[in-house]
Amino acid sequence: MGTRIEGLGVYLPSEVLTNFDLEKMVDTSDEWITQRTGIKERRIARSESVVDMATAAAEEAIRNAGVNKEEIELVVLATLSPELGFPATACLVQERLGLPPSAMAFDVSAACSGFLYALDVADAYLKSGKKKLALIIGAEKLSSIVDWSDRSTCVLFGDGAGAAVVRFDENSESDVLASKLYAKGSEWRALYRENCGYLKMEGRKVFKEAVNGMAQASLEALREAGLRPEDVDLVVPHQANLRIIKAVAERLGIPMEKVFVNVDRYGNTSAASIPIALYEALKEGKLRRGMTVLLTAMGGGLTWGAMVLRY
Ligand code: COA
């Protein structure tokens, strides 16, 4: 009996922006970006809006889950690049999907931790019995809020969307076993965007907070689940920077073979990064039913956390 991810979906824009392309735009190099971040290329949404990407990812997740749209009672969309000031991007996606008004729809603003926050909210609604089937989405058009003349940030981010259909199932072995989510508002200045302005970041500070926060939250979530790091079959971390991911894995004592990485291909897609990674891990056969999976993220807020799933 538990909360089960029934289906996953993604949308990735077809346009690829490589480090070599960036060399022509700002004073940077493929070597610098690769060494400091592990990123080789990212996707850029030229014609697609964040709603287009979120809707496409959601449609695939719904198809893969094999559910009827009418059954969806809750839509939680995580983004830091919403379509409008208001209403919530979730409502625009609800319209595009043709979901009935019986579905509640809202956004969560927790930056790169957004998908974990959304999954935790959905899990709580499902476990309380108030809702039976939820659609959670992480969708970002970060190319629209990045300063393309600032080499310290523009090389890091990319666009995309990922979605999951989540159900409470009486007969399921799958479940969210533990979640530990945090926020430290006193440090919001380390990573933020002024109204209609560009994303601003203190890179070194965020780096340290990410390694410490993700490692600590992971250990706490595992403890809550009654598990040890060696019990984890697969880690799906937020894909911000390969050095952060490796440092977190090292602190946990989990070998990199058990850690899913695709930051090289997409850069940091913020709230979309974990669902895109889950989707690709599933496609590649690295994520299988019954596995113990650790999710962990850190982002603006500052927000961070970790969740342990039995997939
Ligand atoms: N290309 C070339 N040089 C660059 C550069 C780029 N794209 N960006 C910055 N530099 C330069 C800096 O100007 C600085 O030069 P200086 O020594 O002459 O002043 C030098 O590289 C070192 O900069 P620094 O910011 O100290 O580098 P770093 O090792 O901390 O790496 C980040 C920078 C951004 C890659 C790293 O701090 C990081 O990944 N932070 C976390 C970011 C993140 O993941 N944020 C989202 C979290 S959800």
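**The ligand and its surroundings**

Me: What makes the pair formed by an oxygen atom of the ligand and an N or O atom in the side chain of Arg 204 a polar contact?

Reply: In this predicted model, the two atoms lie 2.7 Å apart. A polar contact requires a pair of N or O atoms within 3.5 Å, so this pair qualifies.

Me: How do you know that Gly 203 and Trp 32 also make polar contacts with the ligand?

Reply: A polar backbone atom of Gly 203 is 2.9 Å from a nitrogen atom of the ligand. For Trp 32, a polar side-chain atom lies 3.4 Å from a ligand nitrogen atom. Both distances are within 3.5 Å, and therefore both pairs count as polar contacts.

Me: How much of the ligand does the protein bury?

Reply: The ligand taken alone exposes 960 Å², and the protein buries 74% of that area.

Me: Where does the ligand sit?

Reply: The ligand sits in the largest pocket. This conclusion holds because more than half of the ligand's atoms lie within 2 Å of that pocket's grid points.

Me: Which residues around the ligand come nearest?

Reply: There are 21 residues around the ligand, and the nearest of them are Thr 28, Arg 36, Arg 151, Arg 204 and Asn 241. Residues belong to this group because each has a heavy atom within 4 Å of the ligand.

Me: Which elements and domains supply the shell around the ligand?

Reply: At least two residues each come from α2 (30–37), α6 (151–154), α7 (203–224) and β12 (292–299). The most are given by α7, with four residues. Domain 1 (2–169) and domain 2 (175–310) each provide at least three residues of the shell. By character, the shell consists of nine nonpolar, eight polar and four charged residues.

Me: Why is the backbone remarked upon at Pro 87, Leu 302 and Cys 196?

Reply: Most peptide bonds are trans, and most residues other than glycine have a negative phi. The bond from Phe 86 to Pro 87 is cis, with omega near 0°, and Pro 87 lies in the loop between β4 (74–78) and α4 (89–97). The bond from Gly 301 to Leu 302 is also cis, with omega near -20°; Leu 302 is in the loop between β12 and β13 (303–310). Cys 196 is not a glycine, yet has a positive phi of about 60°. Cys 196 is located in the loop between β9 (191–193) and β10 (199–201).

Methods: Residues numbered from 1 in each chain as written. Predicted model: local features only at pLDDT ≥ 70, side-chain atom pairs only at ≥ 80, totals over all residues. Heavy atoms only, no water. Polar contact = N/O pair within 3.5 Å; in protein donor to acceptor, adjacent residues only side chain to side chain. Areas by Shrake-Rupley, 256 points an atom, 1.4 Å probe, with all protein chains shown as cover. 1 Å grid on protein atoms, 1.4 Å probe; cavity = no way out; pocket = protein on both sides within 12 Å on 5 of 7 lines; lining within 4 Å. Nonpolar A, V, L, I, M, F, W, Y, C, P; charged D, E, K, R; others polar. Domains from an automatic or database assignment.
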